[in-house]
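Me: I'm in my first year and still learning to read protein models. Could you take me through one part of this one slowly, the strands and sheets, and then show me how some of the helices pack?

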Amino acid sequence: MKVEAVFIALHNNNLQGDNKKFNCEKPKNFLQHSDKMYKMKQLFFFIGLLLPVFSFSQTEKANKPAVDTPVVLKNVRIVDGTGALIQQGQTLIIRNGKIAAIGISSRVPVPPGAKVIDLSGHTVFPGLVMMHEHFEYREGGDFSHAQPISYPRLFLAFGVTTVRTAGTDHPYVNINLKKAIDEGRVPGPEIHLTSPYINGDGERFHRNTFLGDVKVRTPEDAIRVVRYWAAEGMTSFKAYSGISKAALAAMIQEVHRLKLTITAHLGTVSCSEAADLGIDNIEHGFLCGTDLIDSTGKQIEGEDNPIVQALIKKLVNKKVALTYTPNQRLNPFSDLEFEVMHPHIREKYKKMKPEDTYLKDIPRFTRAQAFSQAGGVLLLGSDAAGQGRIAGFTNIRMIKTLVKGGFTLEETIKIASLNGATFLKIQNRTGSIAVGKEADLFIVKGDPSKKIEDIENVEMVFSNGILYDPKVLISAAKGLVGWQ
Ligand SMILES: [Zn+2]
């Protein structure tokens with residue numbers, strides 16, 4: 001097939017160029033172990049399981065184009081991430097890591113010496129900007145395993161080129177992983193770091209606790225903790241369900257004084273109260289503590305209820321973004337998902353009875369839709385932090401869920417890319433397909449505007465103009481999810 005031939009050509013290119021950087025240096029630490037070890041992993045699978053793969057394998061980075069070699073994607077459909085209608089018969093040129101030209105194929109000249117990839121029958125999307133992500137996995141219980149090896153690869157393999165984390169038990173793993181990705185030592189998405197879960201002692205019902213929680217009990221506590229994590233490099237903060245109103249108020253004030261942002265998985269404090277305190281973002285759509293519980297203690301369903309309407313209006317007016325996380329796991333899982341699972345987890349999910357979990361949370365879905373239609377900033381995140389929800393797979397499945405629920409493909413992609421980029425204030429360099437922006441793209445075989453299932457056929461991913469082969473990325477994560 002054409003595409004594979006191009007991969008081979010690009011690989012050969014890579015063998016002459018990048019290998020110097022990634023193979024010949026003597027490894028100085030576990031971050032920089034050589035590709036020889038990865039090759040050994042392939043030859044001796046059992047031993048290989050014990051070896052770290054916390055760096056690039058030889059083939060993961062399919063192509064880093066030589067400085068001036070443009071890559072031309074010919075005859076593609078483009079969904080650009082702005083909400084504009086899908087465009088047919090386009091050519092897109094990548095040069096020096098950026099998008100250099102876009103237009104109707106007959107009118108965009110191919111630069112001399114360019115690598116031309118004819119992608120008839122394929123659709124190009126902007127790299128996804130996902131806003132509720134974790135580099136950890138928990139299978140019930142109150143602690144998680146960090147996933148610094150499998151998750152960066154799996155995000156990238158499904159077109160997620162930027163993530164904001166949403167709380168962590170492993171802050172320093174995230175900090176160091178971000179550094180390794182930024183320096184080009186590890187494949188993975190651009191990471192925007194959020195603090196650990198900053199929790200309190202709230203009422204039992206609203207107090208999810210993890211062993212990695214940072215507990216704040218007073219406003220002074222909250223300020224001290226915000227300053228500490230900001231100094232360590234966190235640009236975003238996550239308050240958790242048991243935090244008190246006083247501590248949350250102090251946190252919000254201190255975070256804003258530092259010109260950073262704060263989001264929350266609410267519980268003790270309601271959505272309405274958090275909006276009044278000036279919070280920037282609320283996680284899990286309308287998971288709102290006490291706002292949407294009626295006098296009998298029951299959840300208020302749907303979006304037509306006047307209490308829901310008033311809350312939507314308030315959140316829109318106060319410019320509070322909502323991160324929607326429709327992450328029902330696929331059950332039965334795909335073969336590829338079983339393959340990336342660690343055997344312990346695989347056994348558990350192989351025994352599970354198949355059920356169709358799509359749109360299980362319809363009330364939250366229709367509210368999220370009503371919020372978006374009222375002009376609210378809707379963001380998307382997978383929260384793929386365990387219980388069968390796996391990075392990458394879950395992200396791409398959410399696109400399908402939103403389209404099946406009634407958003408158009410174009411609207412959905414904007415929610416999943418430009419909205420997140422705009423919230424992170426990086427919309428001038430990524431989040432949509434436009435000339436001058438970073439070449440952060442993913443390419444699927446087929447036409448998801450006709451058949452949404454095609455969105456899962458990711459064949460190529462570009463991050464800053466570097467081409468990755470999803471098959472290679474996924475195979476480097478085999479058996480690792482849930483463990484590392
Ligand atoms: Zn989460």
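Reply: Here's a walk through the sheets, followed by two helix pairs.

Keep in mind that this is a predicted model. The protein chain has 17 helices and 21 strands, so we'll be choosy. Of its 484 residues, 49% count as buried. Now look at contacts between residues at least 6 apart in sequence: 72% of them join residues at least 24 apart.

Let's start with the seven-strand sheet. Reading across it, you meet the strands in the order β13-β12-β14-β15-β16-β17-β18. The sheet is open, and its pairing is parallel. Which strands sit at the edges? They are β13, at residues 214-215, and β18, at residues 378-380, and each of them pairs on one side only. Zoom in on the β18 end and you'll find β17, residues 321-324, paired with β18 in the parallel sense over three bridges. To get your bearings there, find T323, which stands opposite L379 in β18.

If you're wondering what holds neighbours like these together, strands of a sheet pair through backbone hydrogen bonds, either parallel or antiparallel. In a regular strand, the side chains alternate between the two faces of the sheet.

Next comes a sheet of three strands, also open, with the order β7-β10-β11 and parallel pairing. Its edge strands are β7 (128-133) and β11 (190-192), each pairing on one side only. From one strand to the next, the twist averages 20°. Strand β10 covers residues 160-165 and runs parallel to β11, with three bridges joining the two. A handy landmark in β10 is T162, which stands opposite E190 in β11.

For an antiparallel pair, go to β3 (residues 87-95) and β4 (residues 98-104), which are joined by six bridges. Try finding Q90 there: its bridge partner in β4 is I104. These two strands form a hairpin with two residues between them, and N96 takes a positive phi near 50° in that hairpin.

Now for the helices. Take α10 (residues 306-317) and α13 (residues 362-373): they pack at an angle of about 45°, and their axes are 10 Å apart. That angle makes α10 oblique to α13. The crossing of α10 past α13 is right-handed. Which residues make the contact? From α10 come V308, I312, L315 and V316, while α13 brings R367, A370 and F371. Sorted by class, that contact has six nonpolar residues, no polar ones and one charged one.

The second pair is α14 (residues 393-405) with α15 (residues 409-416). Their axes come within 9 Å and cross at roughly 140°. Here too the word is oblique, for α14 relative to α15. Why not roughly antiparallel? That label is kept for angles over 145 degrees. α14 passes α15 in a right-handed crossing. On the α14 side, I399, L402 and V403 meet L409, T412 and A416 of α15. The residues of this contact divide into five nonpolar, one polar and no charged.

To fix the picture in your mind, trace the seven-strand sheet from β13 to β18, then find Q90 opposite its bridge partner I104, and finish where α14 crosses α15.

Key:
Residues numbered from 1 in each chain as written. Predicted model: local features only at pLDDT ≥ 70, side-chain atom pairs only at ≥ 80, totals over all residues. Pairing = 2+ DSSP bridges. Helix = DSSP H or I, 4+ residues; strand = E, 2+ residues; numbered from the N terminus. Axes fitted to C-alpha atoms, helices over the stretch in contact; angles between N-to-C directions. Parallel < 35°, antiparallel > 145°, perpendicular 65-115°, else oblique. Left-handed = near helix turned anticlockwise from the far one by under 90°. Contact = placed C-beta atoms within 7 Å. Nonpolar A, V, L, I, M, F, W, Y, C, P; charged D, E, K, R; others polar. Buried ≥ 20, exposed ≤ 12 C-beta atoms within 10 Å, placed from the backbone.
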